[in-house]
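Thank you all for coming; I would like to walk through one structure this morning, slowly and one region at a time. Please keep the sequence and the view open as I talk.

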Amino acid sequence: NMALRVKMKFNETEPDYNYPSLPKHIMYGVGWLVDKAGGSQVDILVSARLISVFLGGLTVILIYFITKMASENINIRLLSAFFAISSTVLAHNARFAHNDLYLLFFITLALYALIKYRLVGSRLWIYLAFFSVGCAASSKYTGVSFIVVLLVFFLIENWRKIRTDFLRTLETIFVASVLTVAGYVAGTPKALLWMSFYFKRMIPAALRFASYGRGPDSVIGFYGQWGTFQAAVGPWVYYLFLIAFVWFAIKLILHALKKVGENEQRKKIIFTLLASIFIFNIPFWMSYNYVPRFFLPFLPMFAVLASLFVEDAVSFVRERDFSFAVPLISVAIILVIVVSFLNAASVTLLFANDARTPAGDFIKTLEPNTVLEYSLYPPSIPENHFSRTRNYPIYLIKYPGETVPTNKAFQYNQGEDGLYERGVDYLVVDSFTYSRFSDEHICQTNPVECEFFNQLLAGETDLHLLASFEYSLPSFLPQISLAAVNPDVKIYEVPH
């Protein structure tokens, strides 16, 4: 919306350079079409979210076709798709106009193209893979690490040809490099058109990405990521994914020792999936910044492995005449999928009954031509109802060494006193904002706002609570919580 109203230029007048711009340009283009067609701001937002839904759907299709290359059983292919469709993390993030679904799609497309290259040997597939990685990096900086996966497998496939056909190998690497850059520049043209300006700001932002939100109690990803991954996919699917990974890792080792046999094409696909998970996960080992949506790109890899594991498990028990075990495996998988779909149902209800919807309706009844401020995850604020609406000026330190900006027309982190100085009549706060002050580290870096919000919730300020809104899931459904969805909302009147 800000870009459409010429209040922001991507990679030029943005407040930070934390994200590259391919998703922003695509959403801008779709928003521009909707705006020219007479659509409202709500229509623009819905259209941007529909792109994420579309990319999520394309990703599920790619998962199906990756599995198809490894299995002739259509039930196994459908199972891999079901693992993705029923995933909480996909159901959650496919509803947002955010860059994670773009990263997911382009990484999955690169993986598909890489597997095709390993199976058929056509350079067009490896070129598509490198271009897709460029687009992935232009969607989110973490996408660039998948280029290591492509290089590893390119060298594996061409190791014997390097000496005998060096120029052709060099040509392929050169073209692949150009296509990677082209993929990045296609989404973030400032990287080519104004290189010094862009990279001077982009590189520091990308380098500090791993330290975002780091506090004294933060755990490095090598140890801490497992619980987050479990929260992203759910405990049942989490253990199934890990068991599938270990099963195939052991099986490939035994195959290398000539202890077991394996179809060559299937072996290549499985090895590609295992190595992709391992290599792409290495940056997470060294990061302090890992939230559930960051694990989206791993979902297709694990979904394919898990479905192939189920196929192996059924074959294993049948070969040993454990016929009673086949129904048990079927029941277990059905239970996993049912629980996953119940989680997805909880996701749907949290979106449909988000407490910000009735809060937004209440805000429309407040006295017009007054001043309203809102915290980080606000309800919908009606246009032209208030004389001024703006973000409550709070600034939370995101990484070590960061300082609060002082070059603004207003002052950050003034607490209750700032409300009176700015002449605010109403304050809207959400639980995603005020719950952060239960973190001792955040309170140490922002004591004024910590004290204010804790006193506000305790009723120890002069502000008057007008209304409070919240929604809870039915007791028979999984009790999940989602980032940026369904916060509790409190609306206060500021006395004068």
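Before I describe a pocket, I should say what the helix labels mean: helices are DSSP runs of H or I with at least four residues, and they are numbered from the N terminus. Please also bear in mind throughout that what we are looking at is a predicted model.

Let me begin with the second largest pocket, which has a volume of about 720 Å³. Of the 31 residues that line the second largest pocket, those closest to its centre are Y141, T142, V144, S145 and A206. Which helix gives the largest share of the lining of this pocket? That helix is α11, from which 6 residues of the lining come. Several helices each supply at least two residues of the lining, namely α6 (123–137), α9 (166–187), α10 (190–193), α11 (195–207) and α14 (264–285). If we sort the lining of the second largest pocket by class, we find 24 nonpolar, 6 polar and 1 charged residues.

Next, I would like to turn to a single helix, α15, which covers residues 299–319 and has 21 residues. At 1.5 Å a residue, a helix of 21 residues should span 30 Å, and the end C-alpha atoms of α15 are 30 Å apart, so the expected span and the model agree. Is α15 enclosed by the rest of the structure or exposed? Here 17 of the 21 residues of α15 are buried, and therefore we can say that α15 is largely enclosed by the rest of the structure. If you follow the chain onward, α15 is followed by D321, whose phi is positive and near 60°.

From the helix I move to the strands, and in particular to β3, which covers residues 426–430. For β3 the count is 5 buried residues of 5, so this strand, too, is largely enclosed by the rest of the structure. The side chains can be split by direction, because Y426, V428 and D430 point one way from β3 while L427 and V429 point the other way, and all are buried. What are the partners of β3, and in which sense do they run? Strand β1 (residues 371–374) pairs with β3 in the parallel sense, over 3 bridges, and in that pairing E373 stands opposite L427 in β3. Strand β5 (residues 489–493), on the other hand, runs antiparallel to β3 and is joined to β3 by 5 bridges, with Y426 standing opposite E493 in β5.

Staying with β5 for a moment, I want to point out the loop between β4 (464–469) and β5, where A484 is found and where N486 is found as well. The phi of A484 is near 70°, a positive value in a residue other than glycine, and N486 has a positive phi of about 55° although it is not a glycine either. As for accessibility, A484 counts as partly exposed, at 25% relative accessibility, whereas N486 is buried, with a relative accessible area of 11%.

Now let us look at the cysteines. How many disulfides does the model contain? The count comes to 1 disulfide, and this disulfide joins C443 to C450, with an S to S distance of 1.9 Å. Since two cysteine sulfur atoms need to be within 2.5 Å to be called a disulfide, the pair C443 and C450 qualifies at 1.9 Å. The torsion about the S-S bond of C443 and C450 is about 60°, so the disulfide is right-handed. Buried here means under 20% relative accessible area, and by that cut-off C443 is buried at 17%, while C450 counts as buried at 8%. Another cysteine, C135, is buried with a relative accessible area of 6%.

Finally, I have two loop residues to show you. V260 is found in the loop between α13 (235–256) and α14, and V260 is partly exposed, with a relative accessible area of 31%. The C-alpha atoms of V260 and K161 are separated by 29 Å, and these two residues are 99 residues apart along the chain. K408 lies in the loop between β2 (388–391) and α18 (416–421), and at 42% relative accessibility K408 counts as partly exposed. Between the C-alpha atoms of K408 and P300, which are 108 residues apart along the chain, the separation is 44 Å.

Notes:
Residues are numbered from 1 along each chain as its sequence is written. This is a predicted model: local features need pLDDT of at least 70, side-chain atom pairs count only at pLDDT 80 or more; totals for chains, interfaces and linings use all residues. Side-chain values use heavy atoms; hydrogens and water are left out. Buried means under 20% relative accessible area, exposed over 50%, partly exposed in between (1.4 Å probe, protein chains only). On a 1 Å grid over the protein atoms alone, a cavity is a set of points where a 1.4 Å probe fits but cannot get out, and a pocket is an open set with protein on both sides within 12 Å along at least five of seven lines; lining residues have an atom within 4 Å of a point. Grid points are joined across faces, edges and corners, and a volume is the space filled by probe spheres set on the points. Ala, Val, Leu, Ile, Met, Phe, Trp, Tyr, Cys and Pro count as nonpolar, Asp, Glu, Lys and Arg as charged, and the others, Gly among them, as polar. The expected span of a helix is 1.5 Å times one less than its number of residues. Two strands pair if DSSP finds at least two bridges between them.
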